[in-house]
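Please look over the sequence and the structure below before reading on. The paragraphs that follow take the overall fold, the ligand site and one buried side chain in turn.

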Amino acid sequence: MKTTELKKLDRQHVIYSWKAQGAVDPIMIDRAEGIYMWDTDGKRYMDGCSGLLNINIGHGNRHVLEAMKAQMDKLCYVAPSFGTEPKARLAEMVAEVTPGNLDYVFFTNGGAEAIENAIKAARWYTGRHKIYAAWRSYHGGTAGAITLTGDPRRWPAEPGIPGVVHFFGPYPYQCPFASRDEEECGRKTLDVLKTQIMLDGPKTIAAIFMEPIVGTNGIIIPPQNFMTGLRQLCDENGIVLVIDETMAGWGRAGKWFGIEHYGIVPDILTTAKGITSGYVQLGLMVLNKKIWEHFQEKPFTGGLTYSGHALACAAGIANIEVYKNDKLIENSAKMGAYLDKKLQELKGRHPSVGDARCKGLWACIELTSDKKTRAPLAGFGDSVRNVSAGFNKVLYENGLYLFAKWDFVFISPPLIINQGQIDEMVAAIDKGLDYTDSLIK
Ligand SMILES: Cc1ncc(COP(=O)(O)O)c(C=O)c1O
């Protein structure tokens with residue numbers, strides 16, 4: 001089918017995420033291989049954000065495709081009350097790579113459903129109802145997960161589920177407590193959270209949810225002192241610490257899981273995305289031993305038709321094999337250090353780059369109109385100046401797909417990327433930043 005006809009068909013019937021439908025004008029993708037995608041007219045794009053930060057092993061990996069084909073011939077799906085080899089084996093592999101005694105796995109279809117189940121598990125385990133979640137966070141589009149979300153995607157979904165309370169997480173570049181020092185910002189943010197919890201009643205709080213490194217709100221890397229203090233605060237008050245590794249996990253931040261950068265272990269870990277690299281949908285909630293023991297006697301009253309889907313689990317097993325055999329976690333750390341160096345060079349050259357943050361192959365450029373005051377170029381939740389739309393246009397023209405919104409440019413290529421390909425990606429970003437520079441008066 002010709003691109004024009006295909007697009008017409010698409011625009012007649014398909015509803016796209018998050019947008020006013022009249023403004024949707026998708027590039028029609030035909031195929032993908034490694035870190036590249038081709039549109040229906042044959043134009044090549046580098047997939048600089050690994051889809052939605054999920055295609056960690058790259059497109060078209062033969063090992064995963066063969067494993068999925070073999071599983072398809074044997075068994076695609078069986079009711080979740082049955083056991084299967086892929087489900088049992090994947091749960092064991094997840095237990096092995098997740099930190100500490102996070103050894104007990106509930107399978108979902110994606111990240112939001114993992115969050116929904118973690119909310120329930122924490123409430124049932126503690127017998128408490130309040131759920132704390134950070135401002136500047138994203139936890140998914142379902143009722144509970146969007147209520148936890150601390151960004152404008154929550155606003156149209158309000159009032160959301162009851163019992164959710166937001167708190168300020170540490171954001172060293174734009175510290176909510178007026179500090180320009182990372183350590184001080186971490187300490188002040190922790191002190192305010194402690195006071196908030198004291199006033200709110202620690203025994204009413206079931207769980208604190210946090211991304212270990214904040215994803216779609218700007219790759220915000222919390223200071224160590226905040227994370228150590230957060231773990232302590234939860235321990236002292238019997239609050240379950242839930243770390244959402246949907247984006248940070250599976251090598252994205254240069255380690256298996258983002259929380260490993262902090263040397264602390266959550267009570268519940270949720271994840272999705274890189275477990276299957278998008279070859280098929282899968283998410284997980286992983287419980288520690290204590291919470292697992294609670295559900296030995298009491299029912300775990302969560303259920304999904306597709307929990308432990310055999311084909312998805314086979315894709316998960318094959319993905320973990322690829323991460324290990326191809327040393328992708330190591331490559332993320334190594335190539336991430338190179339990417340960081342290149343981004344710091346861009347920061348030095350471009351007036352519109354306020355900050356460049358990078359952990360593994362997970363980076364964000366934060367745009368500013370004034371490096372000194374750190375005033376945002378577009379603004380929080382901006383859809384007026386639409387800086388990102390103009391930036392994206394330049395990138396598309398230069399054959400690069402990146403995810404950019406508000407003042408954030410996200411750079412998160414598949415973990416198989418090499419140095420030459422990073423140079424190719426940075427050259428296109430350089431051109432996009434010439435455009436954002438031109439917006440400064
Ligand atoms: C940190 C985080 N949690 C949860 C989700 C939701 O995951 P899903 O879209 O698979 O439901 C996302 C999605 O981007 C995410 O980044």
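Helices and strands are here DSSP runs, numbered from the N terminus, with at least four residues for a helix and at least two for a strand. Counted in this way, the protein chain has 13 helices and 16 strands.

The model is a predicted one, and its confidence is the next point to check. The mean pLDDT of the protein chain is 96, and 99% of the residues reach at least 70. Among the elements, the highest mean pLDDT, 99, belongs to strand 8 (residues 240-244), while strand 15 (residues 403-405) has the lowest, 87. As a rule, predicted coordinates should not be read in detail where pLDDT is low.

How does the radius of gyration of the protein chain relate to that of a compact globule? A compact globule of 441 residues would have a radius of gyration near 22 Å, and the protein chain, with 21 Å, agrees with this. The C-alpha trace spans about 60 × 60 × 45 Å along its principal axes. Of the 441 residues, 56% count as buried.

The ligand comes next. Which residues are around it? One run of the surrounding residues is Gly-110, Gly-111 and Ala-112, and another is Tyr-138, His-139 and Gly-140. Glu-211, Asp-244, Thr-246, Met-247 and Lys-273 complete the list. Sorted by class, this shell holds 5 polar, 3 nonpolar and 3 charged residues.

Three of these residues can be followed down to atom pairs with the ligand. From Gly-111, a polar backbone atom is 2.9 Å from an oxygen atom of the ligand. Lys-273 uses its side chain, with a polar atom 3.1 Å from a ligand oxygen. For Thr-246, an N or O atom of the side chain is 3.3 Å from a nitrogen atom of the ligand. On its own the ligand has 390 Å² of accessible area, and the protein covers 80% of this.

The last stop is Arg-357, a residue of strand 11 (residues 353-358). Is Arg-357 buried or exposed? Its relative accessible area is 9%, and the limit for buried is under 20%, so Arg-357 counts as buried. Which side chains does the side chain of Arg-357 meet in polar contacts? One partner is the side chain of Asp-355, at 2.8 Å. Another is the side chain of Glu-366, at 2.6 Å. Arg-357 is thus a buried residue with polar side-chain contacts to Asp-355 and Glu-366.

Key. Residues are numbered from 1 along each chain as its sequence is written. Side-chain values use heavy atoms; hydrogens and water are left out. pLDDT is the predictor's confidence in each residue, from 0 to 100. A residue is near a molecule or strand if one of its heavy atoms lies within 4 Å of it. A polar contact is a pair of N or O atoms within 3.5 Å; within protein, one must be able to donate a hydrogen and the other to accept it, and residues adjacent in sequence count only if both atoms are side-chain atoms. Accessible areas come from the Shrake-Rupley method with a 1.4 Å probe; for residues, only the protein chains shown count as cover. Ala, Val, Leu, Ile, Met, Phe, Trp, Tyr, Cys and Pro count as nonpolar, Asp, Glu, Lys and Arg as charged, and the others, Gly among them, as polar. The radius of gyration is taken over C-alpha atoms; the globule rule is 2.2 Å times the number of residues to the power 0.38. Buried means under 20% relative accessible area, exposed over 50%, partly exposed in between (1.4 Å probe, protein chains only).
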